[in-house]
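Trainee: Could you take me slowly through one part of this model, the aromatic rings and the strands around them? I am new to this, so please explain the terms as you go.

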Amino acid sequence: MKTKTINLFLYCLNYSSSQWIKSLDTKAGISDILVHNNTIYAGTYGSGLYLSKDEGISWKQISSGLTPFRGVHIRCLAIKDSYLFAGVDGDGVFRLSLNDTLWEKANDGFPISDTIGVRVFSLVAKDTNLFAGTFDFLGMYISKNNGVSWSKSGLTDTCIDALEVNKDTILAGAAASGGVYLSTDDGITWKETLNDVVYRFARTDKYLFACSIRNIFVSNNFGASWSETNFSFPNVITTTVFAIQELLFVGTYSNGIFLSTDVGKSWDSVNSNFPENATISSFGTKGDYLFVGTSKNGVWRRRLLDFKK
């Protein structure tokens, strides 16, 4: 009887751990998830920043110093040196020392006034530089001093939603204006390599993926050329993409999450026990878990092992 009881307990434990579990319960939309060392950061659209140091079991809100232009709306996150940077809707960029809890403005050089804001939708660090992609056709900005000051980069009059870096190459993805642009000289000159709407990038050691409005593109030469995957769901709008090892996740608008384990040749829905009609905004991994940010349902987590065939 004792053996049967233990086996039943282990079965229930394995079953429960293979389900989606809510990690952060907030009404604010999750805009971006970033993992650095032992900390998970979750930027929100309306409630500033949350962080967790115990794999999403508990969270702490850090929003002191975030002075809102149109509310505390974080669009994107990036780490450079000892700072966490946040692209904010209307207020350009803020930065937070990793050993502090007080945000400070880091937007000198952006065209911000009392009536005009700058929406920073993407951030990426490369060597000593920090790049910021802006909306409203303001193009790319670059900082060489950890956000103390900013100047225009060579990519202008463009709405930049996504940035990715690999060695000497920077990629910029544009949604509203469309296109993927590539630079090998730290943003001085750019070349268009894909003429399509792109929201997000994801990469593995072998592949780079780009999320378009209804499809996922793949490149095996870091964006020099692209081909379409077989993500063919006519009524599904894609919102973000994330890759780790052989797992390729796609977030959607009101249709949850899809997974491919063969570089986009085939796809499966992985929405069992996940909030119905969820819109996905971001992904991240920490330890054994995948973390998923949603627009209305907070942050959820699930073991990565559950997705491996």
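Mentor: Happy to! Rings of Phe, Tyr and Trp (its six-membered ring) pair if their centres lie within 6.5 Å, and planes under 30 degrees apart are called stacked, over 60 edge-to-face and the rest tilted. With that rule, 17 aromatic pairs are counted. The model is predicted, so to speak: local features need pLDDT of at least 70 and side-chain atom pairs pLDDT 80 or more, while totals for chains, interfaces and linings use all residues. Residues are numbered from 1 along each chain as its sequence is written, and side-chain values use heavy atoms, with hydrogens and water left out.

Let us pick one pair to look at. Phe 242 and Phe 283 are stacked, with 5.9 Å from centre to centre and 25 degrees between the planes. These two rings bring together distant parts of the chain: Phe 242 belongs to strand β22 and Phe 283 to strand β26, with their positions 41 residues apart. (Strands are DSSP runs of E with at least two residues, numbered from the N terminus.) What about their surroundings? Phe 242 has 17% relative accessibility and therefore counts as buried. Phe 283, at 5%, is buried too. Buried means under 20% relative accessible area, exposed over 50%, and partly exposed in between, using a 1.4 Å probe and protein chains only.

The pair belongs to a wider group. Ring pairs link Phe 242 and Phe 283 with Trp 20, Phe 249, Phe 274, Trp 300 and Phe 307 into a cluster.

Now follow Phe 242 into its sheet. Its strand β22 takes part in an open sheet of four strands, ordered β22-β23-β24-β25 and paired in the antiparallel sense. β22 and β25 (268-269) are the edge strands, each with a single partner, so one side of each has no neighbour in the sheet. Two strands pair if DSSP finds at least two bridges between them. Inside this sheet, β23 (residues 247-252) and β24 (residues 257-260) are joined antiparallel by four bridges. Phe 249, a ring of the cluster, sits opposite Leu 259 in β24.

Next, follow Phe 283 along β26. This strand pairs with β27 in the antiparallel sense over six bridges, and Ser 282 stands opposite Gly 293 of β27. The hairpin of β26 and β27 has two residues between the strands, and Gly 287 there takes a positive phi near 60 degrees.

β27 deserves a pause. It covers residues 289-294, and six of its six residues are buried. In a regular strand the side chains alternate between the two faces of the sheet. In β27, Tyr 289, Phe 291 and Gly 293 point one way, Leu 290, Val 292 and Thr 294 point the other way, and all are buried.

From β27 we can step on to β28 (residues 299-303): five bridges join these strands, which run antiparallel. Leu 290 faces Arg 302 of β28 across that pairing. Four residues lie between the strands in this hairpin, where Gly 298 takes a positive phi near 70 degrees.

To tie it together, start again from the stacked pair, Phe 242 and Phe 283. On one side, β22 leads into the open sheet with β23, β24 and β25. On the other, β26 pairs with β27, and β27 pairs with β28. Try tracing that path on the structure, one strand at a time!
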